[in-house]
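Biologist: Before I rely on the terms used for this protein, I should like to know what stands behind them. Please show me the structure.

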Amino acid sequence: MLKTNTLLHNISLKPYNTFGIEVVALQFMEIDRNSVLQEVLFSEEYPTPLLIGGGSNILLTKDISTLVIHLNTKGIEVISKTENHALVKVQAGEVWHEFVCWAIDHDMGGIENLSLIPGNVGTAPIQNIGAYGVELKDVFVSCQALDLKDKKEVNFKKEDCNFGYRDSVFKRNKGRYIITTITLELTTKNHNKNITYGAIESQLNQKGIDHPSIRQISDAVIRIRKSKLPDPKVLGNSGSFFKNPVISMKEFNALQKKYPDIPYYAFGEDHQKIPAGWLIERCGYKGKRFEEVGVHENQALVLVNYGNAKGEQIWQLAQNIQKSVQDKFNVYIEPEVNIY
Ligand SMILES: Cc1cc2nc3c(=O)[nH]c(=O)nc-3n(C[C@H](O)[C@H](O)[C@H](O)COP(=O)(O)OP(=O)(O)OC[C@H]3O[C@@H](n4cnc5c(N)ncnc54)[C@H](O)[C@@H]3O)c2cc1C
């Protein structure tokens, strides 16, 4: 165990990123108190620090010379509870899935479809995490953050966050706001269950469940995710490496003429969302291995580290994929993962 709230030097970041990339933080602090976090971040000593939560949405391509902070603040507080709802405030360093389990144990609903998403609570708003028809924004009320530009504490209400598909004000102002707590509104009765997306319903049917509890929905999501996604503890990865591109109707119609079987989902009134995995698979990358790096055999959106990959090699593969998709389909696919 590393000493907390203390400046350390030359620490390997391999245990702190799910790609399992070996790079070194020249300066490193594990922080478990918000007062220490604020003191460090507002001092002039450490410009542009790099925060790491669960390290499940980052690709480290080089040693990091600025201060790396692993945030480990803990605590879950029920602020208020009515007959139907509870307001719950959670510290940024809590592990997201552990919090989901806590909510289910307390019969609080709304986040069961987000079971088993890796990472921490404080990072969940950054890309408005989402899965199986639910996004964080559906239960989000507010969050507290430290503004590194104006050196002050700020409170963001949901409407200030500009949440979008894997997007938020925090993602668009990368590195400026460090989230310290989030507050969510969960249901305590009459849960709004969402089982129509993906394979949840068929999973429940297989078990003969007609009226699932939120725990049964969570269990179904966990089973599906375990069967589909590689476990980063076994095979280094960062989930979906790219966002699904959103294109205009005009661009879509041109593509559909050429590729009549192209899958798509309506996005707003005049755009379509195309699965990036399909585009990548059509470029011939699915299951391809290039020495220590590759594209997962079942999920073309997932890039993997077979053991000793360097971050640069993964980034190079990602750029080759981007170029192939651009050349073949004239579509830009944007990384979902944060590159450092
Ligand atoms: C196997 C796998 C499956 C995944 N499935 C999904 C999925 O279904 N849906 C989905 O949305 N995502 C998914 N992801 C992506 C990832 O789990 C989420 O993006 C998650 O919210 C990242 O959290 P983290 O704590 O690991 O972030 P990190 O990787 O630690 O950090 C992400 C970014 O946030 C910054 N940051 C860290 N802490 C803070 C803070 N407190 N305040 C401000 N900035 C901060 C970092 O500097 C970095 O830029 C998956 C990833 C993996 C590996």
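The questions below concern the ligand shell, one helix and several single residues.

Modeller: This is a predicted model, in which local features need pLDDT of at least 70, side-chain atom pairs count only at pLDDT 80 or more, and totals for chains, interfaces and linings use all residues. Residues are numbered from 1 along each chain as its sequence is written, and side-chain values use heavy atoms, with hydrogens and water left out.

Biologist: Which residues come nearest to the ligand?

Modeller: Leu51, Ser56, Thr123, Gln127 and Tyr340 do, out of 31 residues around the ligand. A residue is counted as near if one of its heavy atoms lies within 4 Å of the molecule.

Biologist: What makes the pairing of glutamine 127 with the ligand a polar contact?

Modeller: A polar contact is a pair of N or O atoms within 3.5 Å; within protein, one must be able to donate a hydrogen and the other to accept it, and residues adjacent in sequence count only if both atoms are side-chain atoms. An N or O atom in the side chain of glutamine 127 is 2.7 Å from an oxygen atom of the ligand, so the pair meets the 3.5 Å limit. A backbone N or O atom of asparagine 57 lies 2.8 Å from a ligand oxygen atom, and a polar backbone atom of glycine 130 is 2.8 Å from a ligand nitrogen atom.

Biologist: How much of the ligand does the protein cover?

Modeller: On its own the ligand has 990 Å² of accessible area, and the protein covers 93% of this. Such areas come from the Shrake-Rupley method with a 1.4 Å probe; for residues, only the protein chains shown count as cover.

Biologist: How do the residues of the shell divide by kind?

Modeller: There are 14 nonpolar, 15 polar and two charged residues. Ala, Val, Leu, Ile, Met, Phe, Trp, Tyr, Cys and Pro count as nonpolar, Asp, Glu, Lys and Arg as charged, and the others, Gly among them, as polar.

Biologist: Why is tyrosine 132 called buried?

Modeller: Buried means under 20% relative accessible area, exposed over 50%, and partly exposed in between (1.4 Å probe, protein chains only). Tyrosine 132 has 12%, so it is buried. Tyrosine 132 also has a positive phi of about 50° although it is not a glycine.

Biologist: Is glutamate 291 buried or exposed?

Modeller: Glutamate 291 has a relative accessibility of 66% and therefore counts as exposed. Glutamate 291, too, is not a glycine, yet has a positive phi of about 50°.

Biologist: Why do the buried residues of α8 line one face of the helix?

Modeller: Seen down the axis of α8, they fall within an arc of 140°, so they line one face. The arc is that of the directions from the helix axis to the C-beta atoms. Among these buried residues are Ile314, Leu317 and Phe329, whereas Lys323 and Asp327, on the other side of α8, are exposed. Helices (H or I, at least four residues) and strands (E, at least two) are DSSP runs, numbered from the N terminus.

Biologist: Which side chains does histidine 191 contact?

Modeller: Histidine 191 makes side-chain polar contacts with aspartate 107 at 3.1 Å and with threonine 187 at 2.7 Å. Histidine 191 is buried, with a relative accessible area of 17%.

Biologist: What is the partner of the side chain of glutamine 91?

Modeller: The side chain of asparagine 34 is in polar contact with that of glutamine 91 at 2.8 Å. Glutamine 91 is buried as well, at 18% relative accessible area.
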